[in-house]
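Visitor: Please take one part of this model and look at it closely. I would like the detail first and the setting afterwards.

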Amino acid sequence: MEIKEMIESGKTAIGIEFGSTRIKAVMVSPDGKPVAEGGHTWENQYENGLWTYSLDMIWSGLQDAYQQLAKDVAEKYAAEIRTTSAIGFSAMMHGYMAFDKEDRLLVPFRTWRNTVTGQAAAELTKEFGFNIPQRWSIAHLHQAVLDQEPHVPDITFFTTLAGYVHWQLTGEKVLGVGDASGMFPIDSRTRDYNKDYLAKYEALVADRGYAWKLSEILPKVLVAGKAAGTLTAEGAAKLDVSGKLQAGIPLCPPEGDAGTGMVATNSVAVRTGNVSAGTSIFAMIVMEKALSAVHEEIDVVTTPVGDDVAMVHCNNCTSDINAWAGIFRQFADAIGAPVDTDKLYTTLFNAALDGAPDCGGLAGFNYFSGEPVTGFTEGRPVFARKVDADFSFANFMRLHLYSAVSTLKVGLDILLKEEGVKVDQLYGHGGFFKTKEVGQRIMSAATGGPITVMETAGEGGAWGMAVLALYLDRLEGRTPAEYPLSRFLNEELFAGQEGTTVTASEEETAGFTKFMETFKATMPIEKAAVETL
């Protein structure tokens, strides 16, 4: 009855995140505890050489996820969602959504997964003296400029997926600083786009005669806690097709999944970091000082409050594990012993712990798509072994878990060893860590340090977004400077919460190091697979 009253009086907050394979909606109580959730499964489409999701998929998926949330609320509490204290939207970062003066999408949404902007990324990195990854929005825009795509002169606005959804529901062309840092470099002193780089880019394309200037077509940057508009009547009807949700609800700045991951793991303070491992994998560490050199393997983005973060992002993580799990499921069905999903994955992951620390001579690559960190524009999943390898079930599974984090290790070595970036606490979250201890032990072997998983880690980015919505409400007229996000998280959300910390043994760490020698030495196998398959 207490939760029912919270819902009906609008004291809850809602976070909705567009992940790569699932759109998830979470409702939280005023103290941040999840009280209801809904979800919608979707998959990107490969069309005309590009990974995309259609507008119909975006809206039907959002509406279904919200309806599932409303259904959960109705079934658990016999209540209806008519209002809430705040709503927040987040999504997979980067990508490219460009619009004309009639607000029409000019080309299909280009997601982070596309690795077709190499020329643009290299040119901008050289121009700015700052690493511009291929998946960043500015790289997509500049590649379209270089390719003289016919839509470019008509652009009046471009944004990310989270920024697009927020704009459609509020009318506000804004973006949280964390997500904005994946569109264009941010100056952490001003918490806004870097003015020097903006000027350089506008000079770079000045002779092309476009009616737009980059500074005019980017969304406005907002830090966490700033008001980002309210839900319009049209927006409410678009989100809730039942018509019950009321207009006027405040929205917090839309964020990227990197930012919500930082919030969900309480790693927004300096010298904290997190590893998010799902369809893609990335590690983020909040830095004390700027990097000494430009590294193409490392992105510099920001926290939701605008502090610099070193980010190693890899396009591939669990997709190949999921594919093999599908094979094992088919085998189980074929012998008349069907297995449920949780037991299937728990069995596969636990088996890996019985494998040899170096995988017993097995090798492989989990590349479904290109991997810029290691220089691949396309990917092919590969499994290989020596004739005399110890080809056991345990080693096979350990190989695939190692493969899922091996490319991340390449980037982290640059960050931690070459740059000497310090991290006091590294948190893990995402599906890779769902099976108790296994993912943590593998990741610890890769990083050489302890990995902590908080009780809330399984809630994921949608919960982190709901917390950012809650933070907007909790400020109650105060500025983010007067009540910082880190203080809110420490004092109200994570106070008293205990995590589980796992540290790999010296033998496991040494085994992973030996595996990495094989991984690097067998790169030509992956190269040949891309060229011939």
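Guide: What follows is a look at one helix, α3, and its surroundings.

This is a predicted model: local features need pLDDT of at least 70, side-chain atom pairs count only at pLDDT 80 or more, and totals for chains, interfaces and linings use all residues. Residues are numbered from 1 along each chain as its sequence is written, and side-chain values use heavy atoms, with hydrogens and water left out.

Helix α3 spans residues 118-128 (helices are DSSP runs of H or I, at least four residues, numbered from the N terminus). Ala120, Ala121, Leu124, Thr125 and Phe128 are buried there (under 20% relative accessible area, 1.4 Å probe, protein chains only). These residues lie on the same side of α3, because they cover an arc of only 130 degrees around the axis. The arc is taken from the directions from the helix axis to the C-beta atoms. Their cover includes α4 (137-146) and α7 (195-204). Gly129 follows α3, with a positive phi near 65 degrees.

Now take Tyr201. Beyond its neighbours within four places in sequence, Tyr201 is in contact (heavy atoms within 4.5 Å) with Leu124, Phe128, Ile138, Leu141, His142, Val145, Trp212 and Leu214.

The largest nonpolar core has 131 residues. Such a core is a set of buried Ala, Val, Leu, Ile, Met, Phe, Trp, Tyr and Cys residues joined through side-chain atoms within 4.5 Å. Leu141, Tyr201, Leu214 and Phe432 have the most contacts inside it. Helix α13 (residues 393-418) gives the largest share of this core, 12 residues. A second, separate core of 42 residues includes Trp59, Ala79, Met97 and Ala162.

Of the chain's 533 residues, 59% count as buried.

Methods:
Buried < 20%, exposed > 50% of the residue type's maximum accessible area, 1.4 Å probe, protein only. Helix = DSSP H or I, 4+ residues; strand = E, 2+ residues; numbered from the N terminus.
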